[in-house]
Every structure is written in structure tokens, then in C-alpha cells.
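Work through the exercises below with the structure in view. Try each task before reading its solution.

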Amino acid sequence: MENIKLPHSHGQDIESKLDRMPPAENFQTIADIFKQLGDSSRVRIFWLLCHCEECVINISAIVDMTSPAVSHHLSRLKASGLIVNRRIGKEVYYKAADTERAQLLHLMIEKLAEVECITPDTETTLEQPDGAPLSENEQSRTETIKNVHAFITENMDKRYTIDELAKRYLMNTTTLKAGFKAMYGLPIASYMKQYRMKQAMRMLRETDESIASIALKVGYESRSKFTEAFKSSAEMLPTEYRELYRTMPR
């Protein structure tokens, strides 16, 4: 870095050390990489691919996400040079790039995970974004929304309106909708659609149940509507998904 004279001197002689500062464009490259890891799901996928080589379908099953969502994260990671892929027949497999950059990021993630890991003996309290404890009313609302989540996911074969859930749990509809989205990242309807598809994928992989039976279990009375929803989510038919998973090398 070109020699400069700082306007204030604090006795640190920082000027003599500035020649070791990397160029500004290097910092931009670093910032771009960290920007790609600004999503917790993407960090999780990157960590996974540091330990194994996997296809989109298996990654989706491991991280409990839809194939399109996983493909989006893989595309961003690959564009950043953090992962690579190879094709075997029609299947594409992904793994972390064998570069110092990827290895350092992997090490950093694991070290930070150790620091942030909460042990079973650690006491946790509900807090607001500013760190202040939640009031009793806020804690009550939080617990109610968790109960709503448990209820609708445990009864995914049935469909409930916002009004029905609000009456069941004695909560204002606006508060319920806003609270659920704040806690789980999606409106109730969108969350349940995604949840149903994830469970359908799991049953297609792990059971021999018929498509019609799985459709009913995840809340679709019509097999055709289930097939349409599944294809929209996984970009393939349920039968194709099951066949593809079963023909993959273990």
C-alpha cells in the first residue's frame, strides 16, 4: 500500500504496517464469499459437502429441503468456487472444492459451531432481538404458536384454516399469522405445503406405500393434485423420484 500520512498520531506507528494490507479488491473477493454463506441453509449444505460427495436428491433428504431450494444453494456455492461437481450418467454429484479457500472456511465453520454449541446443561431463555427477556404475554404467544406448529404438522393429513386455528388456540388471526411467519420463516399455508412435500419425499424413499396412500397421508385426497404439487416442488413425478432414489449407488 502506498505510503500515507495519517491525520492523527496515537503512537502506534500504523503507517509502517500498512504495506502489508492486501489490496481492496482482495477484500471484495472475501466479502463476496462470506455473502454466499450468509444463509444458514447454505452453510449447512457447504459443511455437508466438505464431508461427502452427494447428489441433489440425497442432499435434499439430509437437510430436509426441496430439490429446487437445494439446487439454488448449490448454484450459488459453485459460482463462488466453494464446491465442484461431476456427472455420472444423468446424475450430478457435488462436493467441496479441494482448495485452501474452501478448507479454511470449513475449519472456521466447525470452530464457530463449537463456540456456539449449547450443551444440554446450558440454561436458555426466550429473548427479544435486543437481548431483553420476553414478557409473560410474549412467551405465552410464542408457546401457543409452537403448539399450533406441532398440531398442524402432526395432523398434516387434514387441512385447517387460519380462522379454525385461531379459534382453537384463542389467538387473533393477525397475531397468529405474523407470529408463525416470524418463527418459521413462511406463512402457514406455504410452510405446510413445503412440509407435506418433504414428508412425501421421505415416505417415497423409506416405504413401499402406494402413491395414493402417501397422497392421503400428506393431505391430498386426489392423487392427481398430489402429483401436480409434488412435480412443482421436486421437478419430477413421485414415481420418478422413488425410482431415481432406489437406483442411486449407496
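A residue is buried if its relative accessible area is under 20%, exposed if over 50%, and partly exposed in between, with a 1.4 Å probe and protein chains only. Helices (H or I, at least four residues) and strands (E, at least two) are DSSP runs, numbered from the N terminus. This is a predicted model, in which local features need pLDDT of at least 70 and side-chain atom pairs count only at pLDDT 80 or more, while totals for chains, interfaces and linings use all residues. Residues are numbered from 1 along each chain as its sequence is written, and side-chain values use heavy atoms, with hydrogens and water left out.

**Exercise 1.** Decide whether helix H3 (residues 56-63) is largely enclosed or not.

Solution. Step 1: list the buried residues of H3, which are Val56, Ile57, Asn58, Ile59, Ser60 and Val63. Step 2: set them against the length of the helix; 6 of the 8 residues are buried, so H3 is largely enclosed by the rest of the structure. Step 3: look at what follows H3; Asp64 comes there, with a positive phi near 60 degrees. For the background, buried residues make up 34% of the 250 residues in the protein.

**Exercise 2.** Give the order of the strands in the sheet and find its edges.

Solution. Step 1: apply the pairing rule, by which two strands pair if DSSP finds at least two bridges between them. Step 2: S1 and S3 (residues 91-96) are joined by 2 bridges and run antiparallel. One of the residues to check is Glu54, whose bridge partner in S3 is Tyr94. Step 3: the 3 strands form an open sheet in the order S1-S3-S2, with antiparallel pairing. Step 4: S1 (54-55) and S2 (83-88) each have a single partner strand, so they stand at the edges and one side of each has no neighbour in the sheet.

**Exercise 3.** Compare where the partners lie in the salt bridges Arg86 to Glu53 and Glu143 to Lys146.

Solution. Step 1: recall the cut-off: a side-chain nitrogen of Lys or Arg lies within 4 Å of a carboxyl oxygen of Asp or Glu. Step 2: Arg86 and Glu53 meet at 2.6 Å, N to O. This pair links distant parts of the chain, 33 residues apart, with Arg86 in strand S2 and Glu53 in the loop between helix H2 (40-49) and S1. Step 3: for Glu143 and Lys146, the closest N and O atoms are 3.8 Å apart. Both lie in helix H6 (residues 136-154), 3 residues apart, about one turn of the helix.
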